[in-house]
Amino acid sequence: MDTATGSLIQYKLYIDGQWVDSASGQQFESYNPYTGKPWALIPRGNAEDVDRAVRAARKAFTTGEWPKLTPSKRGALLRKLGDLIADKSKYLAEIEVRDNGKLLAEMGAQTAYMAQWYYYYGGLADKIEGSVIPSDKPDTFNYTRFEPLGVIGAIIPWNSPLLLTAWKLAPALAAGNTMVIKPSEYTSASLLEFMKIIEQTGFPAGVVNVVTGFGPEAGTPLVEHPLVAKIAFTGSDVTGQKIYEAAAKGLKRVSMELGGKSPNIVFDDAEIDNAVKGAISGIFAATGQTCIAGSRLLVQQSIHDQFVERLVAFAKTARMGDPMSLDTQVGPVTNLPQFNKVLKYIDIAKSEGVRTVLGGAKATRPECGDGWFVEPTIFTGVKNSMRIAQEEVFGPVLAVIPFRDEEEAIAIGNDVVFGLAAGVWTQNMRRAFLMADKLQAGTVWVNTYRAVSFLSPFGGYKRSGLGRENGQEMIKEYLQTKSVWISTAKEVPNPFIMR
Ligand code: ADP
């Protein structure tokens, strides 16, 4: 909302370095989850817009300034982008909060931290080194080079739009690719604001493009476009599966970071105050809307009742309300369908026979106004076979499951289709290493939760994903290897025999 005029802010697509309307001329409203009211108008992109953007990205990949830049110059541009992000991080955070309702306290830190991805991968741009292979064939010289793939299609969810874009955009550009980004229809504004910073940085036109719109209308054509070399996706496992199938038809590469149902496991030797904080941060931070949410809390039987009591007492103190206020601890759910989905899962859990020890309903506190708030909810008496323990809720809903010993904790922890993350709370070193070994998850935290860095690989086991993001190795996900053979022989030997 433009507060001066009371009218909705109008956004445009960013294609080939230009701000343009969608081909259909249609727009859709973006809502502020705290007020439940629309505040911006987003272009409703379709296959025609995607085609324009992909062609622009392909042109930028093959001709013009971008492919001529040395890797060091590409790196310098990325580092400049990092500086500009650092300057504008508060502004970007405010846009994110208006669109997705996450706390300004969290988003402010996240947008500031995001600059690190551009510094890190900017630094890596000129350290992509091939090798000389010790050839077993006489008079030949064989070496490898790593080359970019071409146009990358990035499809982004609504929970952390700019950070999850950075995880893809920074390595993709460092490797020399170009990109078309399709943000979530619920949170498109921050990425369009971010394009103003891309423009200011001085990337050649077409290197980064944004087409907003709905999944089937703008996402699918991006996945299916023949000039797109790879899809980098973060979102639900159900959508991930559809994208994987569509990408398979074009034999495209994919990297996917999907859902989770992560176990956060508390042993009776844990430091209880820390473990309580860890459980809270696992499920109520970001209103539970993170793929790494510790949505299954496994508590050792011997401390179960006492632990739940302390957890409930702590969770009861959580302040809900305006996500822009730095005092707020639990904000709204980002969008209306998701709000309804969380409430539906609360009903499912109750019908499965769990005990509700906290919350269990829509929040009607005065400070929640007309926003889409759900009370922080804790269920005990949960069996791991119940839907509430097996399916991703993506909201502030915790399922507490008791366990006897290490063996049972491992069995329950791994007994889901997902494998994104896991937490372990113990003071016993042997137990910490054992659990880190045995838990089937791309990330295991011991005596901490939600630590994620540009330096460390992140991704899922099982239905939680394909490939990894972050860290040095993953830049290879945006590169392909070429093997070059050069003969130093005076004459071509017998042409009828393979060398
Ligand atoms: P959520 O919005 O719950 O994170 P999704 O995985 O459905 O779940 O959405 C993530 C992103 O995928 C969004 O940008 C959405 O528009 C996009 N998307 C949804 N369906 C498709 C599809 N069939 N093809 C391509 N993209 C899609």
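Which atom of Ile156 lies 2.8 Å from an oxygen atom of the ligand? In this predicted model, the partner is a backbone N or O atom of Ile156.

**Ligand site**

The ligand is surrounded by 16 residues, and Ile156, Lys182, Glu185, Ser236 and Thr239 are the closest of these. Sorted by class, this shell comprises seven nonpolar, seven polar and two charged residues. Two helices, α6 (215–224) and α7 (237–249), each contribute at least two residues to the shell. The greatest contribution comes from α6, which provides three residues.

Polar contacts to oxygen atoms of the ligand include the following.

| Residue | Protein atom | Distance to a ligand oxygen atom |
|---|---|---|
| Lys182 | polar side-chain atom | 2.6 Å |
| Ile156 | backbone N or O atom | 2.8 Å |
| Gly215 | polar backbone atom | 3.4 Å |

The ligand on its own would expose 550 Å², of which the protein buries 83%. The space that the ligand takes up is the largest pocket.

Lys182 is thus one of the closest residues to the ligand, and a polar atom of the Lys182 side chain lies 2.6 Å from a ligand oxygen atom. Ile156 is also among the closest residues, but the atom in its polar contact belongs to the backbone.

**Salt bridges**

How many salt bridges does a search of the whole structure find? The search returns 23 salt bridges. One of them joins the side chains of Lys482 and Glu147, with an N to O distance of 3.0 Å. Because Lys482 belongs to strand β23 (residues 479–487) and Glu147 to strand β7 (residues 140–148), this pair ties together parts of the protein that are 335 residues apart in sequence.

Definitions and conventions
Residues are numbered from 1 along each chain as its sequence is written. This is a predicted model: local features need pLDDT of at least 70, side-chain atom pairs count only at pLDDT 80 or more; totals for chains, interfaces and linings use all residues. Side-chain values use heavy atoms; hydrogens and water are left out. A residue is near a molecule or strand if one of its heavy atoms lies within 4 Å of it. A polar contact is a pair of N or O atoms within 3.5 Å; within protein, one must be able to donate a hydrogen and the other to accept it, and residues adjacent in sequence count only if both atoms are side-chain atoms. Accessible areas come from the Shrake-Rupley method with a 1.4 Å probe; for residues, only the protein chains shown count as cover. On a 1 Å grid over the protein atoms alone, a cavity is a set of points where a 1.4 Å probe fits but cannot get out, and a pocket is an open set with protein on both sides within 12 Å along at least five of seven lines; lining residues have an atom within 4 Å of a point. A molecule sits in a cavity or pocket if more than half of its atoms lie within 2 Å of its grid points. Helices (H or I, at least four residues) and strands (E, at least two) are DSSP runs, numbered from the N terminus. Ala, Val, Leu, Ile, Met, Phe, Trp, Tyr, Cys and Pro count as nonpolar, Asp, Glu, Lys and Arg as charged, and the others, Gly among them, as polar. A salt bridge is a side-chain nitrogen of Lys or Arg within 4 Å of a carboxyl oxygen of Asp or Glu.
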